[in-house]
Amino acid sequence: MTKFIVVAFLLLHTSASSSSSSSSSPRAAGMLKQLFQYIDDHQNQFVQRLREWVTVQSNSGDHTKWGEVERILNMTAVRIQEMGGTVDFADIGTQQLPSGETVPLPPVILAEFERDPKKATLCIYGHVDVQPAKMADGWTTDPFNLTEIKGNLYGRGATDNKGPVLAWLHAVESYQATEKEIPVNIKLIIEGLEEVGSYGLLELTRKRNDSFFADVDFIVISDNVWATRNPALTYGTRGSSYFFVEVDGPKLDFHSGVYGGSIQEPMSDLIALLGSLLDHTGKILVPGVTDDVAPLTEDERKLYDNISFDLEEMKSVAGVKHFLQDTKEEVLMARWRNPSLSIHGIQGAFSEPGTKTVIPKQVTGKFSIRQVPNMDPPDVERKVKEHLLQVFSTLKSPNRLRVTATVGAKPWVANLKDPQYVAGQRAVREVFGVEPELIREGSTIPIAQNFQEETGKSVMMLPIGGHDDGEHSQNEKISRIPYVSPLNSFKKNLHSR
């Protein structure tokens, strides 16, 4: 991954200068040879550093773990400072918990290395918080103890997003250690709350737009993965809204042998509510939610033709017999450019091994809707609440219903005619010898749209993770030495010119 980032610096320099010659000169070839040798010689050191970071259980979804989030932010800051960078811990305020307690939010790192006014400035965004993980979820290895198996490094945060953040830092280190000039100025913005919607980051972006972001020429985000084994540029992400559906019934949990059949059970109400959200084909049943989805244009449809997505391979990777759609194009559109609704769990229900004949007094269903242009999170929230209230009224239940929503992140789509993307496509062709796959990302990276709207800067998503890395899933991984073949081809290309 670090070799890819080293090449990415040249790619981004090419994008900034609109020149296709800088990365193919004999001088560049010699420089890359030394850089790659340094990376090869320090692979074990880089892996050890990732192991130390993965050990930190920086689950931002649990506020009791925010101390761990701050710990990994401090480790990140120390590493940047050791490399000669300056670090500002930007305060992003507080949050009130459901209990009423007000707690400070983990800060955001704003960092930069020595600046040359003659160079373009690249701002790298990343995050060091992670999704929750435990062995009981089905992990083969301890999710917070980085474990190497056949060249793959397994651990929570390995690919999302501690590994990529470290890759950028290791690339800077490689330039510094070999006394090579980095082609661009480097700034970094590293947060610890991405997995819960990047609380406070939008306000911070607005506040620092005329200072930290003033001299930034372009922003790069490496918080996603390739869609296939081929290099890609990402031009869009889906948004997301997360919902809690709470049904509150009797004042105590009851014995089903005593009260079963005589009361309206909260769990039965909740199952009816969740079952009203979508059908067996994945179609969202909430009236009006998909009305504003941007229509598919012919130019957009053609982008899917050149993506080497193997349905059979992906079935094997996912462990499913079939997808809900029949063709490559339909599957990719379902994952990237169409909205989806997923039910995630039920809080308050008995879920331990064994039996327990209890009627829970209160249960909370959790689901989310991935949104696409031109859907608007507040409008989606309103329609979902109206739908659930209407369905609940038909149950004639004496129980109490409460629907709340959080996150509400907008989708993001870049303009592929933007000079950065045009130059980026040219650079990928030069580096890898193939056409880049122009892909979208089905997950949500809230800051992409916010950066684009608030700063007016060009935003590019440059994925460096593998298509089978399993971000957010069990056995998340990143490969120790990904992209070896294309990089060797790149080096061979450079030497032959």
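## A walk from Asn185 to the S19–S20 loop

Start by selecting Asn185 and showing what surrounds it: setting aside neighbours within four places in sequence, Asn185 is in contact with Glu114, Arg115, Asp116, Lys119, Ala120, Thr121 and Leu122. Keep in mind throughout that this is a predicted model. Colour by secondary structure and you will see Asn185 in strand S8, which covers residues 185–191.

Is Asn185 buried or exposed? Its relative accessible area is 3%, and since buried means under 20%, Asn185 is buried. Now zoom in on the side chain of Asn185 and look for two polar partners in the backbone. A polar atom of this side chain lies 2.8 Å from the backbone nitrogen of Asp116. Then turn to Lys119, whose backbone oxygen lies 3.2 Å from a polar atom of the Asn185 side chain.

**Next stop: the aromatic rings**

Select the aromatic residues next. How many aromatic pairs does a search of the whole structure find? There are seven aromatic pairs. One of them to display is Tyr125 with Phe451, an edge-to-face pair with 5.9 Å centre to centre and 75° between the planes. Tyr125 belongs to strand S5 (residues 121–127) and Phe451 to helix H14 (residues 446–455), so this pair ties together parts that are 326 residues apart in sequence. Switch on the surface and you will find that Tyr125 and Phe451 are both buried.

For another geometry, go to Tyr242 and Phe244. Why is this pair called tilted? Their ring centres are 5.3 Å apart and their planes meet at 50°; planes under 30 degrees apart count as stacked and those over 60 as edge-to-face, so this pair is tilted. As for their surroundings, Tyr242 has 22% relative accessibility and counts as partly exposed. Phe244, at 28% relative accessibility, also counts as partly exposed.

Come back to Tyr125 and Phe451, and add Phe212 and Phe213 to your selection: these four residues form one aromatic cluster. While you are there, show Lys187 as sticks. Lys187 lies over the face of Phe212, at 4.7 Å from the ring centre.

**Then the backbone: two cis peptide bonds**

Before moving on, a reminder: most peptide bonds are trans. With that in mind, select Asp160 and Asn161, which are joined by a cis peptide bond with omega of about 5°. Where does Asn161 sit? Look in the loop between strand S7 (152–154) and helix H5 (162–177).

Now jump to Pro373 and Asn374. A cis peptide bond joins these residues too, with omega of about 5°. Asn374 can be found in the loop between strand S15 (362–371) and helix H12 (377–395).

**Last stop: positive phi values**

Finish in the loop between strand S19 (458–461) and strand S20 (477–479), where you will find His472. Most residues other than glycine have a negative phi. His472 is not a glycine, yet its phi is positive, at about 70°. His472 counts as partly exposed, with 38% relative accessibility.

Stay in the loop between S19 and S20 and select Asn475. What is the phi of Asn475? It is positive, at about 60°, although Asn475 is not a glycine. With 24% relative accessibility, Asn475 counts as partly exposed.

How values were computed:
Residues numbered from 1 in each chain as written. Predicted model: local features only at pLDDT ≥ 70, side-chain atom pairs only at ≥ 80, totals over all residues. Heavy atoms only, no water. Helix = DSSP H or I, 4+ residues; strand = E, 2+ residues; numbered from the N terminus. Buried < 20%, exposed > 50% of the residue type's maximum accessible area, 1.4 Å probe, protein only. Polar contact = N/O pair within 3.5 Å; in protein donor to acceptor, adjacent residues only side chain to side chain. Contact = heavy atoms within 4.5 Å. Phe/Tyr/Trp six-rings, centres within 6.5 Å; stacked < 30°, edge-to-face > 60°. Lys NZ or Arg CZ within 6 Å of the ring centre and 35° of its normal.
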